[in-house]
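Student: Before we go through this model, could we agree on how each term is defined, and then set the values against those definitions?

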Amino acid sequence: MNVTVFGTGYVGLVQAAVLAEAGHRVACIDIDEHKIERLRQGHIPIFEPGLEPLVKRNNESGNLTFSTNAPEGIAHGELIFIAVGTPPDEDGSADLRYVLTVARTIAEHMDDKKYIINKSTVPVGTADKVREEVTRTLAARDALHLEFDVISNPEFLKEGSAVADCMKPDRIIIGTSENASEQKMRQLYAPFNRNHDKVIVMDVRSAELAKYAANCMLATKISFMNEMSVIADKVGADIESVRQGIGSDPRIGYHFIYPGIGYGGSCFPKDVQALKTTAAQLGLEPEILNAVESRNHSQKHYLLDKIVHRYGPDLSGKTFALWGLAFKPNTDDMREAPSRVLMENLWQMGAKVRAFDPEAMQECERIYGNRDDLQLCGTRDSALSGADALIVATEWQQFKTLDFEMVRSNLKDPLVFDGRNLYHPLDMAEAGFEYYCVGRPQQAPTKAS
């Protein structure tokens, strides 16, 4: 099938590459000429495991093309995905200006029937707004005879495993009331639907809400577990034992119940905020969503509170090694990352930071530039050199094993603040480390440092 994808960001590029891999002919359209030229040369603007070879292979085969020419893209695609950004507006609602601009562009240049597919995460009612924009533009062209349908097809990709999620989706939600649209979408996704039927068809508004509801439910599980970790601190329980105890209940499960220092990224914070705004606009009080957001905000200060309790509020002259900048492993995304809250507060208190992340170093430099109180280090070990203590903010695989002697010899004090519970308190105590983690009883060091 001939497919066009507007937007070469995280969602659009992954979806386009995976559809091309399945044999569809996919044209990617973006207004950023520099990005398009880089993509043609095989340079991927984001880090996502497995994406680069997928893009290169399908670009070389001709199944995947990149262009800034919107009219050509519209002429090419019978199915046209809108996968542009929906950043938070000042009131927390999703900003739809880019979505509606694409809708208007499609209507200005279409000359046959188009299936317009909302892939961007958008509030309930956006499909109606897209439909109105297309109809208004067609009317101005005196072209109301041209047929189109607007379909909701939300993405459920996890950063760090997006290619795998797209190749083997858990479910494929299609929001439409038109039989012809349903059949086109089933045909499009047939290569990903062979094992068993993963397609769930519903009305457009339900599909739009399903996306927000899914992300808000996952954010709720994270915030709930983080609140339990705070309670565990006070009552002397071990939150990791609690996690195993409740996760063994199949009604709860083990997914998204790992305690930590808050969620970040491009989805959960934005989507919780957007659904809260939608509820408020309808005269509703989103009590659970308010609590989820509040808990997450507090949790990002959890480790900082332990640092201040240990050292006091004046951190002048202190240097901290920071392992992890991205909001989660296998991505270079630092949007809403807990590491940013940590660093910015440490700087305000007079401390310096020596940071390392396997993928997010360039992104960190882009955000913060050159600072006297930030040293970006080439390896995790070099970040330790001369630091007073180690802070772990992201659970990258390479951080999960400590060389105790090496860490001790590089740090001024054998002291670790672990925001991801990567290590066992007893092991750390036996190795002579003063160890602070999330919701686990502190153990006094037993080995001379």
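Tutor: Let us begin with aromatic pairs: rings of Phe, Tyr and Trp (its six-membered ring) pair if their centres lie within 6.5 Å, and planes under 30 degrees apart count as stacked, over 60 as edge-to-face and the rest as tilted. Ring pairs of this kind link Tyr311, Phe320, Phe417 and Tyr436 into a cluster. Please keep in mind that this is a predicted model, in which local features need pLDDT of at least 70 and side-chain atom pairs count only at pLDDT 80 or more, while totals for chains, interfaces and linings use all residues. Residues are numbered from 1 along each chain as its sequence is written, and side-chain values use heavy atoms, with hydrogens and water left out.

Student: What makes the pair of Phe256 and Phe268 tilted?

Tutor: The structure holds 11 aromatic pairs. In the one formed by Phe256 and Phe268, the centres are 6.2 Å apart and the planes make 50°, which is neither under 30 nor over 60 degrees, and therefore the pair is tilted.

Student: Why is the pair of Tyr311 and Phe417 called tilted?

Tutor: The ring centres of Tyr311 and Phe417 are 6.4 Å apart and their planes stand at 45°, so this pair is tilted. It links distant parts of the chain, with Tyr311 in helix 13 (residues 302–311) and Phe417 in strand 13 (residues 415–418), 106 residues apart. Helices (H or I, at least four residues) and strands (E, at least two) are DSSP runs, numbered from the N terminus.

Student: Why is Phe268 called buried, and Phe256 partly exposed?

Tutor: Buried means under 20% relative accessible area, exposed over 50%, and partly exposed in between (1.4 Å probe, protein chains only). Phe268 has 13% and is therefore buried, whereas Phe256, at 29%, counts as partly exposed.

Student: And what makes Val235 exposed?

Tutor: Val235, which lies in helix 9 (residues 204–235), has a relative accessible area of 61% and is therefore exposed. The C-alpha atoms of Val235 and Gly439 are separated by 9.6 Å, although the two residues are 204 apart along the chain.

Student: How do you know that Lys306 and Asp233 meet in a salt bridge?

Tutor: A salt bridge is a side-chain nitrogen of Lys or Arg within 4 Å of a carboxyl oxygen of Asp or Glu, and for Lys306 and Asp233 the N to O distance is 3.6 Å. The pair links distant parts of the chain, Lys306 in helix 13 and Asp233 in helix 9, 73 residues apart. Lys306 counts as buried at 18%, while Asp233 is partly exposed at 30%. By this rule the count comes to 30 salt bridges.

Student: What makes Glu37 and Arg40 a salt bridge, and how are they placed in helix 2?

Tutor: Their closest N and O atoms are 3.4 Å apart. Being three residues apart in helix 2 (residues 33–40), Glu37 and Arg40 are separated by about one helical turn. Glu37 is partly exposed, with a relative accessible area of 36%, and Arg40 is partly exposed too, with 42%.

Student: How do you know that the buried residues of helix 8 line one face?

Tutor: The buried residues of helix 8 (residues 179–189) are Ser181, Glu182, Met185, Leu188 and Tyr189. Seen down the helix axis, they fall within an arc of 125° (the arc of the directions from the axis to the C-beta atoms), so they line one face of helix 8.
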